[in-house]
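User: Please take a close look at the cysteines in this model and explain what the disulfide count comes to and why. Some context on the rest of the fold would help as well.

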Amino acid sequence: MENTRPPWYSIALLSATSLAYELLLLRLFSIIQWHHFAYMIISLALLGYGASGAILSLTSHRLLPRFAVAYISNAALFGLSTIGCYLIAQQISFNPEELLWDLDQPLRLFLIYLSLTLPFFFVANCIGLTLFRYRGEISGVYCADLLGASIGSLGIVILLFLVFPATALQVLGCLGIAAAALAWWELKHPPRRAAIVLMLASLIPWFLPDDWLSLNTSPYKGLNQTLQISGSRVIDEYSSPLGLITVMESPQIPLRYAPGLSLNATGEPPQQLALFTDADAMTVITAHTDKREHLAYLDQISSALPYHIVKPEQILILGAGGGTDVLQANYHGAGQIDAVELNPQIVQLVRQDYSDFAGGIYTAENIDVHIDEARGFISGSNQHYDLIQIASMDSFGASSAGLYSLSENYLYTVQALREYLAHLNHDGILAISRWIKLPPRDTLKLFATAVDALRQSGIDEPDKRLILIRGWQTSTLLIKNGNFSDAQINTIKKFCEARSFDTAYYPGITIAETNQYNILAEPYFYQGAQALLGEKAASYIDDYKFNLQPSSDNQPYFFHFFKWSVLKEILALRGQGGMPLLEWGYLILIATLIQAAFASMLLILLPLCFKRFNDNQRSGHISYGRVGCYFFLLGLAFLFIEIAFIQRFILFLHHPLYATAVVLASFLLFAGLGSAWSQRYTQSQLYKFGVNRAVKGIVLTGLLYLLVLGPLFSILNWLPTAVKVIISTMLIAPIGFCMGMPFPLGLARLGEVDPDFIPWVWGVNGCASVLSAVLATIIAIHFGFATVVILALMLYALAIVMFNGRWGVH
């Protein structure tokens, strides 16, 4: 006989597995393609929930009499599809760089999008059916759903520390099928022994061949490009939530990695091993040599300039990677070096696994290696430095293709540069090297950011504290805590002349002194620097064909250069080499929005329109407008706040995956507790009182956080990560608790008015969530996180109006 209690445990396990799967897809697509696919993944996951609501609204009366069979079947299909649909998506060849000139690419993206939606469709069917079947227990079911998802968001981070992503996928496939077995047991569905058979079947994904699960990374990523070198091979791989580290050697044709090496250089680097993070972002470990002349190449790159101006005793290197910048500092006779690297696996490689190869560079007496994020380390440090060195930490290929345009980067914001400058000794220098793009983008945007940072620091004449030079591939910007002297400027001129580097800006420069070696049609970098220092800098930024607006902690999209006004001009250059001028990450986000809107209309809105028409013939007593708007607004607002907090907390937790896991887990945990608490309002039918109270809490807390989060993060940024995770959880607790109430209270009230429409609003809410995940990111890029939060609070306020109105006949 079927159990009268909801299947709490299987709901929690399904939710945990689906959320873990969503985050795992984020990790997998960072390896296969690039980080900006995270937003597409979140959106497509929610598309499955929205489509489920649409289907259930049309089929629920046929499925409810067979609830146990339908529930168990969908749970089993979820487990099977987690791996199956991923394997299908892997077979669809998609290259974002061909999106606008290969008409097959949008279709392929859409097929990937839909194939990966299926697992979430099946798990949403389980939850939606349960909400409808046990509508008297809505708060409890929703609580189990949210608490399970909270566990899953943290569990996947722990799992990824233990196993490779492909193995994690197998684990989730096993758990999905195990959830079906657990449901069979919970629902007391006959024959009970079949649950044991299904549990044994859950082990099947574990025995799939390794070849099936191998990652088909983009051929345009750095690792695959480098593996085209004859004789090159992968010799080691390490994995964690921070990235998949691949170690590669090329014994036949030696690697020679020295970005921006002067064309006048006569020497070449010693033997090197390449390190790739997520198949891209290459750095190297350089072999130890006793002959100093073998390292002379380190003086032939633009980042060597500051060592010719000052003799630093205290040096800070941010983004130490494989140790090239540390090697360069030692070559120039540096004193004490603090080297900061985010990924502990890279530090372990250089310090332990390949220590003999690297000559123990990370264990030298003058080196202190810190496993930390740049902003976090410097916020918690009282040390002052003669030189702070930030080398380019992204790959040239991805950078030039605009594939970092959606990555939140707090390293190059105005606030970040002010922090670096505050940690310089008098006459100390901040040196930042970047890849060169043409027409100029990165370099000029960084220059504009430096000008703003100096002015906000109270410097009236920033022009006297800036130096900009460029080679054929890289540029280096120097910002001094003091004015550059005439002697130092002469040294800079000699440094550039000896290496055929161009001076783009120094105090007193003339146009005749620029564009002499790496000749461009116009001295663009000089012109840009002069304009950005002038009185008409704002007009120059507005008129420039790319976005040069300095990035801030509120809009930390340093690599977002796209302007819609230039799209037509770039498209006119199609077939003439103009496509690299587009920012592909941003365009993929827009493509995702378009596809999400189309898929939402096709899979959600159209079926629901038929549902509405048929039900109008039946009753006509439900207020579709108010009911639909209420759940639509909740879907938009909940995700707006969630996405904004994820992006905002990256500044505090310093890694996208950590921020996503902690913020999601905290929101879901406390929203689940809020849902359970809302049961007391349901039992006394105080629906309006409960919703009004919850929304007031959301609005007040949200407004408070807009004021205090920034200063609070600045104060607490120095704390260890574990402590910051606890603080993050405590900060999210009150707003998350309140956000967990409006949805179950709305469903409970709808159950009183017309329970048949519970699947319908499940679909409407899913539709809003599909669009909000992408819209929140677009709004944040253009207007900042604060705007996203303010809009969310306004949507919650409007939801109260919809809820307090008449829904129908009670």
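Analyst: What follows treats the cysteines, then one helix residue, one sheet and the overall fold.

The model is a predicted one. A disulfide is a covalent bond between the sulfur atoms of two cysteines. With a cut-off of 2.5 Å between the two sulfur atoms, the count comes to 0 disulfides. C126 illustrates this: the cysteine sulfur closest to that of C126 belongs to C85 and lies 15 Å away, so the pair is too far apart for a bond. C126 is also buried, and its relative accessible area is 0%. C738 is likewise in no disulfide, with the sulfur of C143 as the nearest cysteine sulfur, 15 Å away. Because its relative accessible area is 13%, and buried means under 20%, C738 counts as buried.

Another buried residue is S666, with a relative accessible area of 2%. S666 sits in helix 25, which covers residues 656–677. Leaving aside residues up to four places away in sequence, S666 touches T729 and I732. With T729 there is also a polar contact, side chain to side chain, at 3.4 Å.

As for strands, the model has an open sheet of 4 strands in the order 1-2-3-4, with antiparallel pairing. The edges are taken by strand 1 (233–240) and strand 4 (280–286); each has a single partner strand, so one side of each is without a neighbour in the sheet. On average, neighbouring strands of this sheet are turned by 20° against each other, direction ignored. Strand 2 (residues 243–249) and strand 3 (residues 272–277) run antiparallel and are joined by 4 bridges. T246 has F276 in strand 3 as its bridge partner.

The protein as a whole contains 31 helices and 12 strands. Its radius of gyration is 28 Å, close to the 28 Å that the globule rule gives for 810 residues, so the protein is as compact as a globular protein of that length. Along the principal axes, the C-alpha atoms fill a box of roughly 85 × 55 × 55 Å. Of the 810 residues, 64% are buried, and C126, C738 and S666 are among the buried residues. Among contacts with a separation of 6 or more, 78% are between residues 24 or more positions apart.

To return to the request, the count is 0 disulfides, and for C126 the reason is a sulfur-to-sulfur distance of 15 Å to C85, which is too far for a bond.

Conventions: Residues are numbered from 1 along each chain as its sequence is written. This is a predicted model: local features need pLDDT of at least 70, side-chain atom pairs count only at pLDDT 80 or more; totals for chains, interfaces and linings use all residues. Side-chain values use heavy atoms; hydrogens and water are left out. Buried means under 20% relative accessible area, exposed over 50%, partly exposed in between (1.4 Å probe, protein chains only). Helices (H or I, at least four residues) and strands (E, at least two) are DSSP runs, numbered from the N terminus. A polar contact is a pair of N or O atoms within 3.5 Å; within protein, one must be able to donate a hydrogen and the other to accept it, and residues adjacent in sequence count only if both atoms are side-chain atoms. Contact means heavy atoms within 4.5 Å. Two strands pair if DSSP finds at least two bridges between them. Axes are lines fitted to C-alpha atoms, for helices over the stretch in contact, and angles run from 0 to 180 degrees between N-to-C directions. The radius of gyration is taken over C-alpha atoms; the globule rule is 2.2 Å times the number of residues to the power 0.38.
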